[in-house]
Amino acid sequence: MLKYSLKAKLLILFSLALVGACKPSIQNPDKGVSFELNEQRKRTLSEVSYQLDLDIPADKFTPITGQVVISFSINSLGDNLIIDFNEDASNLSKIQIDDKEIPYTFFNEHIIIDSKYLKTGLNAIRIDFIAGNLSLNRNDDYLYTLFVPDRAATCFPLFDQPNLKATCEITLTTPVGWEAISNGKSKEVSAKSNETVYVFEKTKQISSYLVAFAAGKFNKFSRIVNNRSMTMYYRETDSVKVKRNLDEIFEIHGKSLAWLEDYTAIDYPFDKFDFALIPSFQYGGMEHPGSIFYNESSLLLDEKASINLRMGRASLIAHETAHMWFGDLVTMDWFNDVWMKEVFANFMAAKIVQPAFPEIDHNLRFLLSHYPSAYEVDRSAGANPILQKLSNLKNAGSLYGAIIYQKAPIVMRHLERKIGAELMQESLREYLKKYSYGNAEWDDLISIIDSKSNEDIEAWSNVWVKTEGMPTYEWYNPESVKQRKDQTSNRIWQQPLEIKLGYETEITIDLINAKPVRIDSLSAYNFLNSDGFSYGYFKLADSSKNGFLANPLYSNDPVFRASMWINCWEGMVRGDGPTPNLMIQSMLGVLKLEENPLIVDYLLGNLQTAWWTFLPEHNRSLLQDELEATLWELVLETTDAGKKNSFFRAYRNLTMSETGLERIEQLWLDKLKIKDLVLSEEDKMTLVYELALKNQEKSNYYLSTQLEETKNPDRKKRFEFVMSALSNDPWVRDSFFEALKQEKNREHEPWVLEGLHYLHHPLRARDSQKYLRPSLNLLQEIQLTGDIFFPQRWLQTTFNGYSSSEAVAIVDSFLNENPNYPFYLKNKILQSADLMKRGVALQQAPAIQ
């Protein structure tokens, strides 16, 4: 036995302490792709290309074998080569250079190759492997990839970072009878025994998260639009529904491409333009160049869909098409700037859809589709800036949310007004041309704009883009308006503010400093942000607020009406009034007279939130009859089919009476018909969900009957998954939740969220509260294994059903017991629990009792 002196022991302990304290180095990398690894590879590697071959079996449980040849140029040999592969080491078969097998090290989801096997200049490495399944979304007879933001490495070995763009040549061997789609053009399709081999041409340079393929039993339809061939792949079995939607789907894609080519002065930058419609796809869409993937239900709308739904489809198509330039042609250098591709896609989409819907008030559409969602985050304790910090790509999914998708386009619209539309377009054209097929940062664009503008755009950007939250504006005294003192470094949120004095006179003031701005010729009613352009909380005087709610249709300007409804809602949730009772009664009253369908949809959404989250149970019981009578009358008497559908969905979700549930059941059984109300198979499924939830005695009958009646195989599987969350047996519901703790049972994220919606429904809140703490305990695992929106949606769907002090205490306790919890996930919790906390506070306020 060895013996050590005291001094030696101390030296050993000190050395061990140093080793324990050291962070992983670039040569011994942490899991994921750290910013340091990203920068090192960016400096040393270039001319990257991938030749990827995958053999896809029919059985979804049989491994997919593959090989990839990674070619690249290296400018120095000082460091070992690190290749990302987020799978088990056993999934690697062999690695070869120049047809010779070489040794390697596998560490923290990385393949490390000694630099002695490399050479300065061009290298090629062949890796044989078994593909990981995490992002392959394998189903019984189809699969599809979803690699954003850092999930390509879960499938095959590569350099998984956005600033090492590469060309890709993909070959897929599939079961016979399967179709396949990828980024590149189809080069060759051949058959051998029971397999089909699809060979795709080499792509232009794209980032790793944009590599995509799908294969399976898809139908397809091709059309020439503006001299460009497009093919749509889909699985929907309702041929009438598909045919009804085809013309508009292809037309919007064609118009979006033409508009973007004109605006950017750059032709469509990739070799082909196809798209696939995926059942229960995790997002609305994903912008893979050459093969956009969409959620099937987002494009294939039901008969007589509302104008809001049709606008949503047009905006989605325009958004994904805009990404071909903003995100795909020019990509962020590091994922902290992911917001850039999203803001420009949303910003362009809002412009693109205007010619397609001349009957729509597009300022109103922009206001209602951006401001309320952004406010939900910015008013919370978990607010985050548009440009966020990111140390490792494995956490990039946490950057996504309403601030990127809703607030950033508002800020971009402010920038366009500040510098002018012409200078904005000129700057974006220069930006796209300069960085084509490359990468750029936000400050690169700001530098271009600053060089052309007399405004200090950098200072403006430092507040609006690089800090979190929102300003508050209030009456400083009866005659002056000012920005309330900011809690973060006394920021000044420079923006114009329109004020309507009475209902006739409008004035605009520029808020450029903290000084109060005196307003002359005030009226009895004075409305801040009357044009809905400015961003923030605009605290109305009680007289103005009450005056609007007493007669919300006095003005014939829908943008004004919507902006005031938003102001009143923000006042309610902040405890500044009106009370939830007054808001609900005001909304019910105006729904009978409001003609604008966009405002109707906004009010119906708020009505349901206020009903379940802000109104105590005994108040709901007092208003239940009036609520149901009003909504049912609107369902019967409204002649606009889109609005009729909106009223019916609200009635379906809120009805609790025996009469109301009987009506829902009769509609489900086709024994009751309402003119212009067409119920699809999807609608019938939702009717049964509501019936099973609210009439537990007949729950099994409803669920089993609908399962038998559902014809579409994809919808049938989804229904079978969700129905356990609706069981009247607590043990079955417990089993449903317990199963979600296993990653394999969360593969179909939209199914999971639908089930959680009913598991955590307000009517089940008392029984389901026990799931809250385990749901929070799972969050870090969900962030690592789920797709980018799943952690936030998991939290929102969980908390939306609760409005009790006990639920708030569970959240607070979790955060207090985990003081070192990752800040980006803590923010998501605070954002998602914000309405619940505000609802509890308001329910306990004396004015609401």
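Here is a short friendly talk about the strands of this predicted model.

In this predicted model, local features need pLDDT of at least 70, side-chain atom pairs count only at pLDDT 80 or more, and totals for chains, interfaces and linings use all residues. Residues are numbered from 1 along each chain as its sequence is written, and side-chain values use heavy atoms, with hydrogens and water left out.

Student: Which residue in β8 stands opposite I97?

Tutor: Good place to start! Strands are DSSP runs of E with at least two residues, numbered from the N terminus, and two of them pair if DSSP finds at least two bridges between them. β4 (residues 92-97) and β8 (residues 121-130) pair in the antiparallel sense over 5 bridges. Opposite I97, in β8, stands I125.

Student: In the hairpin of β4 and β5, which residue takes a positive phi?

Tutor: β4 also pairs with β5 (residues 100-101), antiparallel and over 2 bridges, with I97 opposite K100. The hairpin has 2 residues between these strands. The one with a positive phi, near 55 degrees, is D98.

Student: Why is one side of β3 and of β6 left without a neighbour in the sheet?

Tutor: Look at the order of this open, antiparallel sheet of 3 strands: β3-β7-β6. β3 (81-84) and β6 (105-107) each have a single partner strand, so one side of each is free of a neighbour because both stand at the edges.

Student: What is the bridge partner of T105 in β7?

Tutor: Follow the pairing of β6 with β7 (residues 110-113), which is antiparallel and has 3 bridges. Within β7, the bridge partner of T105 is I112.

Terms used:
Helices (H or I, at least four residues) and strands (E, at least two) are DSSP runs, numbered from the N terminus.
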